[in-house]
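Hi everyone, thanks for making time this morning. I'd like to walk you through a model, with an eye on its pockets and its cores. Please have a look at it first.

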Amino acid sequence: MRQPAWLVDAERVDVAVYAAIAATETPALDRAMSRLSRAADHSRLSLASAALLATAGGARGRRGAATGLACVGVTSAVVNAGLKPLGRRRRPDREASTVPVARQVPMPTTRSLPSGHSASAFAFATGVGQSLPQAGAPLRLLAALVGYSRVHTGVHFPGDVIVGALVGTSLGQATAYALERRQA
């Protein structure tokens, strides 16, 4: 089956942006993005943030942490069990794009679309932001940095991260809304 022309063009742009990032020498950024990407594995950044919020944020902090983690759980299940098998997009070829070895993290074995790291990070930020709006903005910034780190380290195309962010935000909103309705 032939893809629509707009989708072919979008993929060309996606691959070109990935290649431009791979070709740009950024030794100091390479170390930071590699560390950040690994820190986000298994939602460890969200877990650490939830622990901080629950400890220092009082009742609202505990509610925000719980909502954020529920959003991560739902999003992770939907992305990994449902969307990645449907997306069937292969991971980028880091060797062909000459992604510097110093910035690389282990290449996941799952499909590339959508980025699970981005989806989970944005879901957490969205869920927490429902209860603690002042915490939402810094957590969204952290989520954006996590998403970029996945491109910088060569394991995702930019489009994977964008779709992951949209999916995570949407599922985060839906999950937080369902929890609010249930508690009302």
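Let me start with a question: how many nonpolar, polar and charged residues are there in the lining of the second largest pocket? The lining divides into 4 nonpolar, 2 polar and 4 charged residues. Keep in mind as we go that this is a predicted model.

Let me stay with that pocket for a moment. The second largest pocket holds about 330 Å³ of space. Its lining is made up of Gln-3, Leu-7, Ala-10, Glu-11, Asp-14, Arg-89, Leu-113, Gly-159, Asp-160 and Val-163. Two helices, H1 (5-23) and H7 (158-183), each supply at least two of the lining residues. H1 gives the most, with 4 residues.

Now, a step back to the overall fold. The protein has 7 helices and 0 strands, so if you like notation, from the N terminus on you can write the elements as α-α-α-α-α-α-α. The radius of gyration is 17 Å, close to the 16 Å that the globule rule gives for 184 residues, so the protein is as compact as a globular protein of that length. For anyone setting up a box, the C-alpha atoms fill one of roughly 50 × 40 × 25 Å along the principal axes. Of the 184 residues, 43% are buried. And among contacts between residues at least 6 apart in sequence, 79% join residues at least 24 apart.

On to the largest pocket, which contains about 540 Å³ of space. There are 29 residues lining it, and the closest to its centre are Ala-40, Asp-41, His-42, Ser-43 and His-117. The elements that contribute two or more lining residues are H2 (27-39), H3 (44-56), H4 (58-87), H5 (116-131) and H6 (133-152). H5 gives the most here, with 6 residues. By class, the lining of the largest pocket has 12 nonpolar, 12 polar and 5 charged residues.

One residue from that list deserves a closer look. Where does Ser-43 sit? Ser-43 is in the loop between H2 and H3. Is Ser-43 buried or exposed? Its relative accessibility is 18%, and because the cut-off for buried is under 20%, Ser-43 counts as buried. Leaving aside neighbours within four places in sequence, Ser-43 is in contact with Val-72 and Ser-120.

Val-72 takes us from the pocket to the core. Again leaving aside neighbours within four places in sequence, Val-72 is in contact with Ser-43, Ser-46, Ser-120, Ala-123 and Phe-124. Val-72 and Phe-124 both belong to the largest nonpolar core, a set of 10 residues that also includes Ala-50, Leu-53, Ala-65, Ala-125, Val-128, Leu-132, Ala-135 and Leu-139. H3, H4, H5 and H6 each supply at least two residues of this core, and H5 gives the most, with 3 residues. There is also a second, separate core of 8 residues, among them Met-33, Ala-40, Phe-122 and Val-146. As general background, nonpolar side chains tend to be buried together in soluble globular proteins.

To tie the two threads together: Ala-40 is among the residues closest to the centre of the largest pocket, and Ala-40 is also part of the second core. Likewise, H5 gives the most residues to the lining of the largest pocket and the most to the largest nonpolar core. That's my tour, and I'm happy to take comments.

Notes:
Residues numbered from 1 in each chain as written. Predicted model: local features only at pLDDT ≥ 70, side-chain atom pairs only at ≥ 80, totals over all residues. Heavy atoms only, no water. 1 Å grid on protein atoms, 1.4 Å probe; cavity = no way out; pocket = protein on both sides within 12 Å on 5 of 7 lines; lining within 4 Å. Points joined across faces, edges and corners; volume = space filled by probe spheres on them. Nonpolar A, V, L, I, M, F, W, Y, C, P; charged D, E, K, R; others polar. Buried < 20%, exposed > 50% of the residue type's maximum accessible area, 1.4 Å probe, protein only. Contact = heavy atoms within 4.5 Å. Core = buried A, V, L, I, M, F, W, Y, C linked by side-chain atoms within 4.5 Å. Rg over C-alpha atoms; globule rule 2.2 N^0.38 Å.
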